[in-house]
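Me: Could you take me through this model and show me what stands behind the terms?

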Amino acid sequence: MSEMTRVALDAMGGDYAPKEIVKGAVDAVNARKDIQVILTGREDLIRQELKAYSYPEDQIEIVHASEVIETAEPPVTAIRRKKDSSLVRAMNLVKNGEADAFVSAGSSGAILVGGQVLIGRIKGVERAPLAPLIPTAKGVSLLIDCGANVDARSSHLVQFAKIGSLYMEHVMGVKNPKVGIVNIGAEEEKGNALVKETFPLLKSCEDIHFVGSVEAREIPAGKVDVVVCEAFVGNVILKLYEGVGATLIKEVKRGMMTSLRSKIGALLVKPALKETLKAFDSSEYGGAPMLGLNGLVVKAHGSSTAKEIKTSILQCVQFKQQDIGEKIRKGI
């Protein structure tokens, strides 16, 4: 039997907690026998949700936590004061070696602060970026950073490029991944001060396969495997990506229902269209790992349903098997 992967799951974090979080945990352990989920949060509420499901009971454990960190709370204050919150309890399990990974759909700010303060960065890593996989015409690309470091320096972006390359090679199996920096044009002299300062550093970096600038319109086409940017730009790209994708899917469905002819056509193309649209469903790729920490931290969307929670839990198995943290430690 494979070695067990223990995932500490913040059961109280997210718009649909604990209902969807608990269901995601159940779906994950029913899918694989080598996962153990530790649900942290209000034990009475968690047990009430678990009653609705059948699952291997030895694969789900509950750690009671009496407090919840709300989205609107100041992150630093919340982490310091709410030591018995579901988020802090789950992170401490990773910090103390009692869990291999942490997953939460809760407060982004608290997760970012907790990751830095409680779990800590790998020695040599200046900043730990959030790096989600985004769908492209060629598969997926890694967007790094999408929300952790708004005021990044050029040295941070160079590390993001190295960390992203290691991730795509060892976790996603992309050999010699292409790295690009987000810019407003292809020319080297274009861009803001940060991009202009970072470009030559990436160009001279022998550890990565840097191919130059990547414009926003080229990202969905899959021009590069690793999309490097500071968090403000990355977050705008991610949110626009999600918004346009959701709107297009909605409009395609609406258009297919406008007439009898379109409805008949919809029936004919439905299987192929469903498969195509599935590739652009963010829930298929799980959460965004916070790379460069001494333990694995995965941030799921605040609006995550059970499907994305399940995927986020399952991806932790691959993270552990590939030992991406140790590869980053050696690479940096």
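Reply: Happy to; here come the sheet, a helix on it and the cores. This is a predicted model, where local features need pLDDT of at least 70, side-chain atom pairs count only at pLDDT 80 or more, and totals for chains, interfaces and linings use all residues. Residues are numbered from 1 along each chain as its sequence is written, and side-chain values use heavy atoms, with hydrogens and water left out.

Me: Why are E5 and E8 called edge strands in the sheet?

Reply: The open sheet has five strands in the order E5-E6-E9-E7-E8, with mixed pairing. Strands are DSSP runs (E, at least two residues; helices are H or I, at least four), numbered from the N terminus. E5 (133–136) and E8 (209–214) each have a single partner strand, so one side of each lacks a neighbour in the sheet.

Me: What makes E7 and E9 a pair?

Reply: Pairing requires that DSSP finds at least two bridges between two strands. E7 (residues 178–182) and E9 (residues 226–228) have three, in the parallel sense. In one of these strands, E9, Val227 is the bridge partner of Gly180.

Me: How do you know which strands helix H6 touches?

Reply: Contact means heavy atoms within 4.5 Å. H6 (residues 154–170) packs on the sheet and touches E5, E6 (139–144), E7 and E9.

Me: What makes a set of residues a nonpolar core?

Reply: Its members are buried Ala, Val, Leu, Ile, Met, Phe, Trp, Tyr and Cys residues joined through side-chain atoms within 4.5 Å; buried means under 20% relative accessible area (1.4 Å probe, protein chains only). The largest such core has 60 residues, and Leu9 and Ile313 are among those with the most contacts inside it. H6 gives the most to this core, with eight residues.

Methods: Axes are lines fitted to C-alpha atoms, for helices over the stretch in contact, and angles run from 0 to 180 degrees between N-to-C directions. Buried means under 20% relative accessible area, exposed over 50%, partly exposed in between (1.4 Å probe, protein chains only).
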